[in-house]
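Reader: I am new to this structure and would like a close look at a single part of it, followed outward into its surroundings. Please take your time, and give the reasons where there are reasons to give.

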Amino acid sequence: MHAKKISAAEMEMLPTENQILEYEKKGWYVGNFILPEEIIDKAEKGAKDFYNGLKDYHLSEFTGIADDVFDDTAVIRNNEFVTLQKKELQALGFHQLITATAAKLARTDEIRLFADSLINKLPTNAKKEGVVGWHSDKAYWPTCTSQNMVTAWIPLQDVTIDMGPLLYIDQSNLWKDEKELKSFFSFNNQDLSSFENYLSKSKSNHIKSAMVLKKGQVSFHNCNTIHASYPNVSNKNRMALAMHFQDKSNQYQKAYNDNGDLIVIGYDQICEKDSDGNPDYSDKKIFPKIIKF
């Protein structure tokens, strides 16, 4: 895979300096563009084919990454590194406007993949609600040196409020050094209320922003922005592709848990090692360079 140059016409659709400053303050941003319906429709078909076991590229290692199989009792299905397995999903996730916007927001001239997640949130059933718990992406990536990593959230259909859209807490990217917050973080925590009660007491002026987006719109958030989503109480599936991007400066750093044990995140287990034996976050097979200005 080779990094692609962006066209002059696409440059006009990238965030302005004022929009970048607003993103840095608020922690999230909705792109200035609408992706062509055709590319979304192809990605949706590609996702369905992927679920049926049809893949275009081979991922040699799945240790430590999400790779859910069909379960008729599950409400949320999560599969990672799908853009390295299905061409239609790669065409969407690696789209020039998405990756170039991420680069602008991170103030970098190069974007590499860090991970992706194809998340299908089915309507709530009697057994499970399908909540995505409050968390920041960076809380899961303590081995990354960068504080400027960007996630793009790409719905594959219109997202209405009853479908459980992504929910950001404005300016929560600025809370990254508040350790007490991290005790509430968990993607799989179905109880959103305990953290919300904490916010009511400690951050009484906080604002939640729901990503109610039209098909073709894309939202972006900083790796420290706290987010979650409520259950899908509609009668439609809510499918989205989340693209996690690393900026040029990002490198591996050793991190330890409270017990003093070395933290190994899932992605460390599938990438090449550098000359010191540490995970190589520039491994071209797992973390390809997607765009360079």
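Author: Tyrosine 256 is placed in the loop between E10 and E11, and this loop of the predicted model is the part from which I shall start. The relative accessible area of tyrosine 256 is 48%, so this residue is partly exposed. Together with Leu262 and Val264, Tyr256 makes up a nonpolar patch on the surface, and the three have about 300 Å² of accessible area together. A residue must have over 30% relative accessible area to be part of such a patch, and tyrosine 256, with its 48%, fulfils that condition.

The loop between E10 and E11 also holds a pair of charged residues. Glutamate 272 and lysine 285 form a salt bridge in which the closest N and O atoms are 3.0 Å apart. Because both partners lie in the loop between E10 and E11, the pair ties together parts that are 13 residues apart in sequence. Glutamate 272 is partly exposed, its relative accessibility being 41%, whereas lysine 285, at 53%, counts as exposed. A network, too, is built from salt bridges that share partners, and Glu110, Arg112, Lys289 and Lys292 are joined in it.

Within that network, one salt bridge deserves a slower look, as it leads from E11 to another part of the chain. Lysine 292 and glutamate 110 meet through their side chains, with 3.8 Å from N to O. Lysine 292 belongs to strand E11 and glutamate 110 to strand E3, so that this pair links distant parts of the chain, 182 residues apart. Are these two partners buried or exposed, or partly exposed? Lysine 292 has a relative accessible area of 30% and is therefore partly exposed, while glutamate 110, with a relative accessible area of 7%, is buried; the cut-off for being buried is under 20%.

Strand E3 leads back to the loop between H5 and E3, and arginine 107 is found there. This residue follows H5 and has a positive phi, near 55°, a value to be noted in a residue other than glycine. Arginine 107 is partly exposed, because its relative accessibility is 44%. A search of the whole structure finds 16 salt bridges, and in one of them the side chain of arginine 107 meets that of glutamate 24, at 2.6 Å from N to O. This pair, too, links distant parts of the chain, for glutamate 24 is in helix H2, 83 residues apart from arginine 107 in the loop between H5 and E3. Glutamate 24 has 30% relative accessibility and so counts as partly exposed.

H5 itself, which arginine 107 follows, presents another picture. Ten of its eleven residues are buried, so H5 is largely enclosed by the rest of the structure. Among these buried residues are Leu97, Ile98, Ala100, Ala103 and Leu105, and the list also includes Gln96, Thr99 and Thr101.

As a general matter, nonpolar side chains tend to be buried together in soluble globular proteins. In this model the largest nonpolar core has 57 residues, and Phe81, Leu92, Ile98 and Phe220 are those with the most contacts inside it. Two or more residues are given to this core by each of several elements, including helix H2 (17-26), helix H5 (96-106), strand E3 (110-121), strand E10 (238-247) and strand E11 (289-292). H5 gives the most, with seven residues. Both strands that border the loop with which I began, E10 and E11, therefore take part in this core. Apart from it lies another core, of 13 residues, and Leu167, Trp175, Tyr198 and Leu199 are among them.

Two further places may be set beside those already described. Glutamine 171 has a positive phi of about 70° although it is not a glycine; it is found in the loop between strand E6 (166-169) and helix H6 (193-202), and because its relative accessibility is 35%, glutamine 171 counts as partly exposed. On the surface, Asp67, Asp68, Asp71 and Asp72 gather in a patch of negative charge. Aspartate 68 has its place in the loop between helix H3 (37-51) and strand E2 (76-80), and with a relative accessible area of 31% it is partly exposed.

Note on methods. Residues numbered from 1 in each chain as written. Predicted model: local features only at pLDDT ≥ 70, side-chain atom pairs only at ≥ 80, totals over all residues. Heavy atoms only, no water. Patch = residues over 30% accessible without salt bridge, like charges linked within 9 Å, V, L, I, M, F, W, Y side chains within 5 Å. Areas by Shrake-Rupley, 256 points an atom, 1.4 Å probe, with all protein chains shown as cover. Salt bridge = Lys/Arg side-chain N within 4 Å of Asp/Glu carboxyl O. Lys, Arg positive; Asp, Glu negative; His and termini not counted. Charge placed at Lys NZ, Arg CZ, Asp CG, Glu CD. Helix = DSSP H or I, 4+ residues; strand = E, 2+ residues; numbered from the N terminus. Buried < 20%, exposed > 50% of the residue type's maximum accessible area, 1.4 Å probe, protein only. Core = buried A, V, L, I, M, F, W, Y, C linked by side-chain atoms within 4.5 Å.
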